[in-house]
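This report describes the fold, the surface and selected residues of one protein chain. The sequence and the structure come next.

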Amino acid sequence: MKGATRYAIIAAVVLVLLIIGIIVAAIFGVLLDVLYIFLMLLAALMVVATLLQVYSVLVLIQTITSVRNEIK
């Protein structure tokens, strides 16, 4: 339960910082630039997530093959 509480606190802090950052960007008139940067970072994270999913599938196939060979 302590781990969940810690992650909830971290998520809340990140959310507050994100909201403050958006407000500051709106005040200084650079909200569109912040959006572009955020979208580029999100796209990069999606590419990394896709590569990790492909790697996980390959490891799963290797594990299934290994278990089949052990059963035979």
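The sections below go from the whole chain to one helix and then to single residues.

## Overall form

The model is predicted. The secondary structure of the chain consists of two helices and zero strands. For 72 residues the globule rule gives 11 Å, and the radius of gyration of the chain is 21 Å, well over that value, so the chain is more spread out than a compact globule.

The extents of the C-alpha trace along the principal axes of the chain are about 70 × 35 × 5 Å.

## Surface and burial

Of the 72 residues in the chain, 1% are buried. The chain has an accessible surface of about 6,700 Å². Carbon and sulfur atoms account for 78% of that surface.

## Helix 1

Helix 1 covers residues 2-28, which is 27 residues. At 1.5 Å a residue, a helix with this number of residues should span 39 Å. The end C-alpha atoms of helix 1 are 39 Å apart, so the expected span and the model agree.

Gly-29 follows helix 1 and has a positive phi, near 75 degrees.

## Two residues of helix 1

Ala-11 is located in helix 1. Its relative accessible area is 46%, and because partly exposed residues fall between the cut-offs of 20% and 50%, Ala-11 counts as partly exposed. Between Ala-11 and Thr-65 there is a sequence separation of 54 residues, and their C-alpha atoms are 39 Å apart in space.

Ile-22 also has its place in helix 1. With a relative accessible area of 40%, Ile-22 is partly exposed. Ile-22 and Arg-6 are separated by 16 residues in sequence and by 24 Å in space, C-alpha to C-alpha.

Terms used:
Residues numbered from 1 in each chain as written. Predicted model: local features only at pLDDT ≥ 70, side-chain atom pairs only at ≥ 80, totals over all residues. Heavy atoms only, no water. Helix = DSSP H or I, 4+ residues; strand = E, 2+ residues; numbered from the N terminus. Rg over C-alpha atoms; globule rule 2.2 N^0.38 Å. Buried < 20%, exposed > 50% of the residue type's maximum accessible area, 1.4 Å probe, protein only. Areas by Shrake-Rupley, 256 points an atom, 1.4 Å probe, with all protein chains shown as cover. Expected span 1.5 Å × (residues − 1).
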